[in-house]
Structure formats: C-alpha cells, structure tokens
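Trainee: I am new to this structure. Can we go through it in short questions and answers?

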Amino acid sequence: MITVEELKKELSHSQYRMLTQDDDSVAERAIEKAKVWIEAKFAKCGQKVDWELSYVQEALLKRALYELYAYAEQEEVAKDKKEDAEVLLEAVLGDCGKEGGGSVPYVGVAKPQSDWHGFE
C-alpha cells in the first residue's frame with residue numbers, strides 16, 4: 001500500500017502544499033478513495049485485489065494523485081493520471097476492467113411490436 005510520503009515524492013513541495021493545504025489527512029483520504037476505486041473495479045470483475053502486484057500499486061499511486069487534484073478542483077490537470085490508472089488496471093483485469101466493460105452481456109433492445117411481422 002502506498003503512503004503519504006510516497007505520494008509527496010511524486011509532487012513538488014509547492015504542488016503538495018497547494019493540493020492539500022499542508023494537511024496530510026487530505027492525502028490520506030485521497031489514498032483511501034483510490035483504494036476503494038480499485039477494490040470496486042476488481043469486485044465488478046469478480047476478483048480480489050492483489051495489492052502486491054506492481055501494476056496495482058502504480059494504479060493506486062496514479063489514482064491517489066488524481067484524487068488530490070480532484071479535491072483541489074483541478075481534475076483536468078490530472079486527467080492523464082486517471083487514464084494511466086485505468087490502463088494499468090486493464091492490464092490486470094483485461095476487458096472486464098475497461099471503462100464500461102464488465103461481465104454482463106449486452107442484450108439489445110426489442111423492436112416495437114408493430115415491426116414484428118407474422119407474430120400477433
């Protein structure tokens with residue numbers, strides 16, 4: 001699991017201060033939100049998270065950084081970090097981990113009854 005100190009290493013001191021107002025609890029919450037996001041992705045695919053995988057650790061770091069920027073209402077600045085986290089999890093989860101992907105098959109939409117020829 002990543003720590004606040006590891007998160008700080010990814011940012012300059014001024015960036016960290018701007019994003020958290022020097023409050024480490026903001027960074028702790030960003031890590032927790034990122035962790036929940038990853039757990040939800042794995043749960044959607046019917047899998048348990050293997051926190052030892054380097055892909056998962058890096059995804060956690062990228063998503064936590066994104067959460068910090070989102071907290072400071074600067075999500076657009078960190079859009080690449082969000083996308084990186086998604087790509088990293090796709091490497092582990094395959095198509096199931098893709099945005100909009102999942103194990104529920106597409107069924108389609110039934111045609112209106114007026115289009116059904118020969119069936120009454």
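**Helix packing and its surroundings**

Mentor: Helix H3 (residues 24–44) packs against H5 at an angle of about 35°, and their axes are 11 Å apart. Keep in mind that this is a predicted model.

Trainee: What is the handedness of the crossing of H3 and H5?

Mentor: The two helices pack at an angle of about 35°. The crossing of H3 and H5 is right-handed.

Trainee: How many nonpolar residues does the contact of H3 with H5 have?

Mentor: From H3 come Trp37, Ile38, Lys41 and Phe42. From H5 come Ala85, Glu86, Leu89, Val92 and Leu93. By class, 2 of these residues are charged and none is polar. The nonpolar count is 7.

Trainee: Is Leu93 buried or exposed?

Mentor: Leu93 belongs to helix H5. Its relative accessible area is 7%. Buried means under 20%, so Leu93 is buried.

Trainee: Which residues is Leu93 in contact with, leaving aside its neighbours within four places in sequence?

Mentor: Start with Gln47, which is 46 residues from Leu93 along the chain. The C-alpha atoms of this pair are separated by 8.6 Å. The contacts of Leu93 beyond its sequence neighbours are Lys41, Phe42, Cys45 and Gln47.

Trainee: How many helices are in the protein chain?

Mentor: From the N terminus on, the elements run α-α-α-α-α. There are 0 strands. The number of helices is 5.

Trainee: What share of the contacts with a separation of 6 or more comes from residues 24 or more positions apart?

Mentor: The protein chain has 120 residues, and buried residues make up 34% of them. Among contacts with a separation of 6 or more, residues 24 or more positions apart account for 60%.

**Helix H4**

Trainee: What span does helix H4 reach from its first C-alpha to its last?

Mentor: H4 covers residues 54–71, which is 18 residues. At 1.5 Å a residue, the expected span is 26 Å. The model is close to that, at 26 Å.

Trainee: Why is H4 largely enclosed by the rest of the structure?

Mentor: Look at how many of its residues are buried. H4 has 18 residues. It is largely enclosed because the buried ones number 13.

Trainee: Which residue meets Glu67 in a salt bridge?

Mentor: Both partners are in helix H4, 4 residues apart, so about one helical turn separates them. Glu67 is buried at 10% relative accessible area, and its partner is buried at 9%. Their side chains meet at 3.1 Å, N to O. The partner is Arg63.

Trainee: Which residue forms a salt bridge with Lys62?

Mentor: Lys62 lies in H4, and its partner lies in helix H5 (residues 79–93), so the pair ties together parts that are 22 residues apart in sequence. The closest N and O atoms are 3.8 Å apart. The partner is partly exposed, with a relative accessible area of 33%. It is Asp84.

**More salt bridges**

Trainee: How many salt bridges does the count come to?

Mentor: The rule asks for a side-chain nitrogen of Lys or Arg within 4 Å of a carboxyl oxygen of Asp or Glu. By this rule the count is 5.

Trainee: Which residues are linked in a network of salt bridges?

Mentor: One bridge joins Lys8 and Glu5 at 3.5 Å, N to O. These two are 3 residues apart in helix H1 (residues 4–9), so they are about one helical turn apart. Lys8 is partly exposed at 26% relative accessibility, and Glu5 is partly exposed at 48%. The network links Glu5, Lys8 and Asp24.

**Positive phi**

Trainee: What is the phi of Gln21 near?

Mentor: Most residues other than glycine have a negative phi. Gln21 lies in the loop between helix H2 (13–20) and H3, and is exposed at 52% relative accessible area. Its phi is positive, near 55°.

Trainee: Which residue with a positive phi follows H4?

Mentor: The residue lies in the loop between H4 and H5. It is exposed, with a relative accessible area of 74%. Its phi is near 55°. The residue is Glu73.

Technical notes
Residues are numbered from 1 along each chain as its sequence is written. This is a predicted model: local features need pLDDT of at least 70, side-chain atom pairs count only at pLDDT 80 or more; totals for chains, interfaces and linings use all residues. Side-chain values use heavy atoms; hydrogens and water are left out. The expected span of a helix is 1.5 Å times one less than its number of residues. Buried means under 20% relative accessible area, exposed over 50%, partly exposed in between (1.4 Å probe, protein chains only). Axes are lines fitted to C-alpha atoms, for helices over the stretch in contact, and angles run from 0 to 180 degrees between N-to-C directions. A crossing is left-handed if the near helix is turned anticlockwise from the far one by less than a right angle, and right-handed if clockwise. Contact means heavy atoms within 4.5 Å. Ala, Val, Leu, Ile, Met, Phe, Trp, Tyr, Cys and Pro count as nonpolar, Asp, Glu, Lys and Arg as charged, and the others, Gly among them, as polar.
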